[in-house]
Amino acid sequence: MTDILPSSPAASVVNAPRRYRFATEVVTVDNSDDPHNAASVPIYQTATFKQKGATASGEYDYSRSGNPTRTHVENHLAKIMGAERALVVTSGMGALDVITRLVRSGEEIIAGDDLYGGTNRLLSFLAKSQNVKTHHIDTTQSDSILPFLSDKTRLVLLESPTNPLIKITDIPTISKYVHERCPNALVVVDNTMMSPYLQRPLELGADISYHSGTKYLSGHHDLMAGVIGAKDASVGEELYYVINATGCGLGPFDSWLLLRGVKTLAVRMDKQQASCIRIADYLEALGFKVHFPGLLSHPQYELHKSMSSGPGAVLSFETGDTGISERIVEGTKLWSISVSFGCVNSLISMPCRMSHASIPAHIRAERSLPEDLIRLCVGIEDVEDLLEDLEQALNIAGALPTPTK
Ligand SMILES: Cc1ncc(COP(=O)(O)O)c(C=O)c1O
Ligand SMILES: N[C@@H](CCSC[C@H](N)C(=O)O)C(=O)O
C-alpha cells in the first residue's frame, strides 16, 4: 500500500540508534542538517514548498505529506521509542484511528476490558460502522486471549498499566501467543501512562506502540498530539500512507512544541513518580484500596517491574462511597479537577464521571469499574503541598480515620 511521492520525506526517515542513556538521548536532538546551525529545530510554518520545476520537487512538497519540523520530532521519537519509524498526528485518538485503518471489514480486534473511555468509544464505532468486532478480555490473565485468537484477528490492543484501574498486562507473553498463532496480527500497546522513559513495548514484543502525546511526552497540557512507533519499517510506511491520505499529520507549531516538551521527559517523570510513590504510601497507610504498581500490595508488582523501570505517576484509589469521593475531589485546592494526566500540574478526577463517562454505566458495572474511583495524576509541585492539600480534602470529606487517644 504505497503511493508515496518519490520526494516524500518519509523515504528519508531512519531510526538512529541510541548511543547514550535515555535521559541523555531524550535531550539530544539531531539538528545537524540545519543550514544555519540553529541550536533549536526551527518551526517551518509553511503549507507548501517551492519546486525547482514541474517535475522536480525537493524533499518536501506540501506539509500534509511532510514538513521538516515534523520530520525532526518523528526521528527523535523513533530514537527514544526504539522504533524503526515514528509518526506524529493530531491526537492520541487520531493515532489509534490511523492504526485501526489497517483493519478490514470482517476482521477482528482483541482489546482489554479496562481501557481508556475514548478507546472504548472508537472500538464501538468501528463495530457499528465498519463491521469490525472487538472482543474485550481480561488482559491480566494472559491465557484469556487464547480462545479469541483466530485467522480473523488483525489487532491486539493492550494497555499496561490500564487506565484507570492500573492493571498490568504481560506484554511479552501475549505478544508471543499472538505471533505464534496469528502471523497476520499486530500487537499494539498504548504506552501513554508510562512514556518511553519507563517502558518501551517494542522491546517487549509489540509491533506498534502509541501514545497520547498530549500527556507525558509534551508534559505541559499546551497541545494535543498522538505518536505512533512501528517496529517494522513496512508497517510504518502503511501508517504513513494513511496519515497522508487522511490528512491528520501534526502541524509544524505543534510538532515543535512536542519536540520542546519531550526533552524534559526524564526529569519530569523522575520527580512526578517520586511524589506519586509518597502519595500512594500515604493513602494506603490510611486504609484506602490503592491501585499503583509501585506498591508491594499491587497483585502484579513483579510483572510490572519486569517490563518497566518505574511505576509512573498515576494512581487510583477507592473510598467505598461515591459521595465521599466527590467531596474529596471538590475539596482539593491545589489539585485541579481535570481529565488528562502527564502534565507538570497535579490533577484529580473521578473516571466514571469524567474520562470514562462515555462507557455506558451498565458496561462499566459489567467490567467492575468502581463508581467511587478517584484518579490522581501527580505533577512536579512540592509533594508536601500536595499531601497537605489532599489531607485537608480528605478531612472535609470525613474520609480520615478518627484519631484514637
Ligand atoms: C491511555 C490513553 N490513550 C489515549 C488517549 C487519547 O489521547 P488524546 O486525548 O490525545 O486523543 C487518552 C486520553 O485522552 C488516554 O488516557
Ligand atoms: N471528553 C473527553 C474526555 C477526555 S479524557 C482524557 C484522558 N484520556 C483521561 O483519561 O483523562 C472525551 O470524551 O473523550
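**View 1. Helices H3 and H4 cross in a right-handed sense.**
In this predicted model, we begin with a helix pair: H3 covers residues 92-100 and H4 covers residues 117-130. Their axes come within 10 Å and cross at roughly 35°. If you would like to pick out the contact yourself, select Met93, Leu96, Asp97 and Thr100 on H3, then Gly118, Thr119, Leu122 and Leu126 on H4. Sorted by class, the contact of H3 with H4 comprises four nonpolar residues, three polar ones and one charged residue.

**View 2. Ligand 1 sits in a shell of 14 residues.**
Which residues are the closest to ligand 1? They are Ser91, Gly92, Met93, Ser212 and Thr214. The two helices of the previous view return here, as H3 and H4 are the elements that give two or more residues to this shell. Met93 is worth a second look: besides being among the closest residues to ligand 1, Met93 takes part in the contact of H3 with H4. By class, the surroundings of ligand 1 include nine polar residues, along with three nonpolar and two charged ones.

**View 3. Ligand 2 has residues from both domains around it.**
Here the shell takes at least three residues from each of domain 1 (9-262) and domain 2 (266-396). To display the shell, show Tyr116, Gly118, Asn163, Val339, Ser340, Phe341, Ser355 and Ser358. How many charged residues does the shell around ligand 2 have? There are no charged residues in this shell, which has five polar and three nonpolar members. Gly118 links this view to the first one, being one of the residues around ligand 2 and also part of the H4 side of the contact with H3.

**View 4. Domain 1 meets domain 2.**
The domain assignment divides the protein into domain 1, residues 9-262, and domain 2, residues 266-396. Taken over C-alpha atoms, the centres of the two domains are separated by 26 Å. Across the boundary, 30 residues of domain 1 are in contact with 32 residues of domain 2. On the domain 1 side, the elements giving two or more residues are helix H1 (22-25), H4 and helix H6 (195-198). Which of the elements gives the most to this side? That is H4, with four residues. The class breakdown for the side of domain 1 that touches domain 2 is 15 nonpolar, 10 polar and five charged residues. H4 thus appears once more, having already figured in the crossing with H3 and in the shell around ligand 1.

Notes:
Residues numbered from 1 in each chain as written. Chains lettered and ligands numbered in written order. Predicted model: local features only at pLDDT ≥ 70, side-chain atom pairs only at ≥ 80, totals over all residues. Near = placed C-beta within 6 Å. Nonpolar A, V, L, I, M, F, W, Y, C, P; charged D, E, K, R; others polar. Domains from an automatic or database assignment. Axes fitted to C-alpha atoms, helices over the stretch in contact; angles between N-to-C directions. Left-handed = near helix turned anticlockwise from the far one by under 90°. Contact = placed C-beta atoms within 7 Å.
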